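I opened the notebook with the model on screen and wanted to follow one strand outward to its surroundings. These entries record what I looked up, in the order I went.

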Amino acid sequence: VFHGRIVVHKAAREMILLRGDSVLRTYRIALGRDPIGPKLREGDGKTPEGRYTIDRRNPKSAYHLSLRISYPEPHDVERARAGGYDPGCDIMIHGLPNGMGWMGELHRQRDWTAGCIALTDLEIEELWRITPDGTPIEIRP
């Protein structure tokens, strides 16, 4: 089991597993369909930016496994309410849509999620096995 943290660099399309300052694993990722900038509202196609945790897992997801990111946190909700809109929810790290695992790394040719972080099915299986709930995740621009 992994006891460390996850750091996502959106611009580089990479997710890094760290224990202290040691890089344990790096994944290439796909993001929300409009990835530049922080997520502000439901339907904006953006992946959130900030500090969160992995707070739940869904083995029966519409995608090959999913790990839920704790977005929206109270500050995200407050910012959205101040703007008069819904912050959105259900931001996940997940594999490919069920039945589409054959795509493998091809899915990374463009950003395609609604705001989630996508891996190949084999990568999400690895992450699922080693990442406990409560793991911190920092999503950087």
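How many bridges join β5 to strand β6 (residues 92-94)? I counted three, and the two strands run antiparallel. Before going on I noted that this is a predicted model, in which local features need pLDDT of at least 70 and side-chain atom pairs count only at pLDDT 80 or more, while totals for chains, interfaces and linings use all residues. I also noted that residues are numbered from 1 along each chain as its sequence is written, and that side-chain values use heavy atoms, with hydrogens and water left out.

Entry on terms. The strands and helices I name are DSSP runs numbered from the N terminus, helices being H or I over at least four residues and strands E over at least two. Two strands pair if DSSP finds at least two bridges between them.

Entry on β5 and its neighbours. I looked up strand β5 (residues 66-69) and found that Ser-66 and Arg-68 point one way, whereas Leu-67 and Ile-69 point the other way. All of them are buried, where buried means under 20% relative accessible area, exposed over 50% and partly exposed in between, with a 1.4 Å probe and protein chains only. Strand β4 (residues 50-58) pairs with β5 in the antiparallel sense over four bridges, and Arg-68 in β5 is the bridge partner of Arg-56. Towards β6, Leu-67 stands opposite Ile-93. In turn, Ile-93 has Ile-117 in β7 as a bridge partner, and β6 and β7 pair in the parallel sense over two bridges.

Entry on the whole sheet. Eight strands form an open sheet, which I read in the order β3-β2-β1-β8-β4-β5-β6-β7, with mixed pairing. Because β3 (22-28) and β7 stand at the edges with a single partner strand each, one side of each is left without a neighbour in the sheet. My textbook reminder here is that strands of a sheet pair through backbone hydrogen bonds, either parallel or antiparallel.

Entry on the core. I next looked up the largest nonpolar core, meaning a set of buried Ala, Val, Leu, Ile, Met, Phe, Trp, Tyr and Cys residues joined through side-chain atoms within 4.5 Å. It has 23 residues, and Met-15, Ile-69, Ile-93, Ile-117, Leu-127 and Ile-137 touch the most other members. The elements giving two or more residues to this core are β1 (5-9), β2 (14-19), β4, β5, α2 (121-130) and β8 (136-140). The largest share, three residues, comes from α2. I then took Ile-69 by itself and, leaving aside residues up to four places away in sequence, listed what it touches, including Tyr-52, Ile-54, Ile-93, Ile-117 and Ile-137; contact here means heavy atoms within 4.5 Å.

Entry on aromatic rings. Rings of Phe, Tyr and Trp (its six-membered ring) pair if their centres lie within 6.5 Å, and planes under 30 degrees apart count as stacked, over 60 as edge-to-face and the rest as tilted. The structure holds two aromatic pairs. In one of them, Tyr-52 and Tyr-71 are edge-to-face, at 6.0 Å centre to centre and with 70° between the planes. Tyr-52 lies in strand β4 and Tyr-71 in the loop between β5 and α1 (74-83), so the pair ties together parts that are 19 residues apart in sequence. Tyr-52 is buried at 3% relative accessible area, and Tyr-71 is buried too, at 0%. The rings of Tyr-63 and Trp-112 have centres 6.2 Å apart and planes at 40°, so this pair is tilted. Tyr-63 is in the loop between β4 and β5 and Trp-112 in the loop between β6 and β7 (117-118), 49 residues apart. Tyr-63 is partly exposed at 32%, and Trp-112 is partly exposed at 21%.

Entry on backbone exceptions. Most residues other than glycine have a negative phi, and most peptide bonds are trans. I found the bond from Tyr-71 to Pro-72 to be cis, with omega near 0°, and Pro-72 sits in the loop between β5 and α1. Leu-65 is not a glycine, yet has a positive phi of about 60°; Leu-65 is in the loop between β4 and β5 and counts as buried at 14% relative accessibility.
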